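Please find below some notes on the model that you sent, set out as numbered points. They take up the strands, then a peptide bond, and then the ligand and its surroundings.

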Amino acid sequence: MKLLEDRIRKDGIVREGGVLKVDSFLNHQMDIALFREMGREFARLYAGCGVNKILTIEASGIGIACIAAEEFGCPVVFAKKNKTKNIAGDVWTSKVESFTHGRVYDIIVSKDFLTEKDRVLIIDDFLAMGSALQGLIKLVRDSGAELVGAGIAVEKAFQPGGELIRGMGVRVESLARVASMDPETGVRFVGE
Ligand code: 5GP
C-alpha cells in the first residue's frame with residue numbers, strides 16, 4: 001500500500017537491531033485518516049470472506065483493528081497480556097515472546113468472545129518473528145473458530161515470521177513489506 005510505504009519512508013525511524021519506530025503515526029500517536037485507508041484496504045483484500053470478528057493483541061494492534069472493524073461491521077476482541085501466572089476464569093490462552101521487549105507473555109481471551117461461530121481476521125501492527133501471530137492463531141484454533149487470515153500493517157520481510165505463518169497455511173496480507181532497513185540509508189520495500 002503506497003500510502004503506508006510513503007509514510008514509513010517519511011516518518012519511520014530505523015533503530016539498530018532491526019527495530020522500526022513508527023511512533024508518530026502508528027503505535028503511539030495514531031493517524032486516523034491513514035488508519036481509515038488501511039482499514040479499507042483490509043476490507044478490500046478480505047471482501048467476501050464472511051469475517052464477523054477481528055482479533056488483535058494489546059496494545060498497539062487495537063487502534064488499527066478498531067478502524068478496520070468499522071469497514072467489516074464487526075466487533076474487535078483484543079487478547080490481553082497477562083503478566084501473572086494466575087490465569088483467571090474461562091479463557092483461551094497461549095504464549096507470546098515479545099520481539100521488542102524480549103519477554104514471554106501469557107495472552108488470554110475470554111471463551112465468551114471467541115467461539116466456533118466466529119470467522120476471524122487477525123489484525124496486528126507488525127509481523128517480525130511471528131510469535132504474536134502464532135499465539136493469536138493458537139487462540140483461534142483452540143476456540144474452534146474459523147481463521148480467515150491475518151492483516152498486518154508492517155511486515156519486516158527480512159525476518160522469518162511471514163514465511164513461518166504462510167507455511168502454516170494461513171493467508172497473510174501485509175500492507176507494507178520491508179525488504180531491508182538501515183539507520184543510514186533507510187527503508188527498502190519488497191518489489192523495489
Ligand atoms: P513478532 O511476534 O512477529 O516477532 O512481533 C510482533 C510484535 O512485536 C508486534 O505486535 C509489534 O508490537 C512488535 N514489533 C516487532 N517488530 C517491531 C518493530 O520493528 N517496530 C515496532 N514498533 N514494533 C515491533
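1. In this predicted model, strand β5, which covers residues 91–97, and strand β6, which covers residues 104–110, run antiparallel and are joined by seven bridges. As one point of register to check on the display, V91 has S110 of β6 standing opposite. The two strands, β5 and β6, form a hairpin with six residues between them, and within that turn G102 has a positive phi of about 60 degrees.

2. A separate backbone feature deserves a look in the viewer. The peptide bond that leads from E58 to A59 is cis, its omega being near 0 degrees. As for where this falls in the fold, A59 belongs to the loop that runs between β3 (53–57) and α3 (61–72).

3. Turning to the ligand, which space does the ligand take? The ligand occupies the largest pocket, and the elements that each give two or more residues to the shell around the ligand are β2 (19–21), β7 (119–127) and α4 (131–143). Of the elements, β7 provides the largest share of that shell, with four residues.

4. How many residues surround the ligand, and which are the closest? There are 17 residues around the ligand, and the closest are L20, M129, G130, A132 and K156. When the residues of this shell are divided by character, eight are nonpolar, six are polar and three are charged.

5. The backbone contacts to oxygen atoms of the ligand can be read one residue after another. A polar backbone atom of G130 is 2.7 Å from an oxygen atom of the ligand, while for S131 a backbone N or O atom lies 3.1 Å from an oxygen atom of the ligand. For A132, a backbone N or O atom is likewise found at 2.8 Å from a ligand oxygen atom. With regard to cover, the ligand on its own has 500 Å² of accessible area, and the protein covers 90% of that area.

Terms used:
Residues are numbered from 1 along each chain as its sequence is written. This is a predicted model: local features need pLDDT of at least 70, side-chain atom pairs count only at pLDDT 80 or more; totals for chains, interfaces and linings use all residues. Side-chain values use heavy atoms; hydrogens and water are left out. A residue is near a molecule or strand if one of its heavy atoms lies within 4 Å of it. A polar contact is a pair of N or O atoms within 3.5 Å; within protein, one must be able to donate a hydrogen and the other to accept it, and residues adjacent in sequence count only if both atoms are side-chain atoms. Accessible areas come from the Shrake-Rupley method with a 1.4 Å probe; for residues, only the protein chains shown count as cover. On a 1 Å grid over the protein atoms alone, a cavity is a set of points where a 1.4 Å probe fits but cannot get out, and a pocket is an open set with protein on both sides within 12 Å along at least five of seven lines; lining residues have an atom within 4 Å of a point. A molecule sits in a cavity or pocket if more than half of its atoms lie within 2 Å of its grid points. Ala, Val, Leu, Ile, Met, Phe, Trp, Tyr, Cys and Pro count as nonpolar, Asp, Glu, Lys and Arg as charged, and the others, Gly among them, as polar. Two strands pair if DSSP finds at least two bridges between them.
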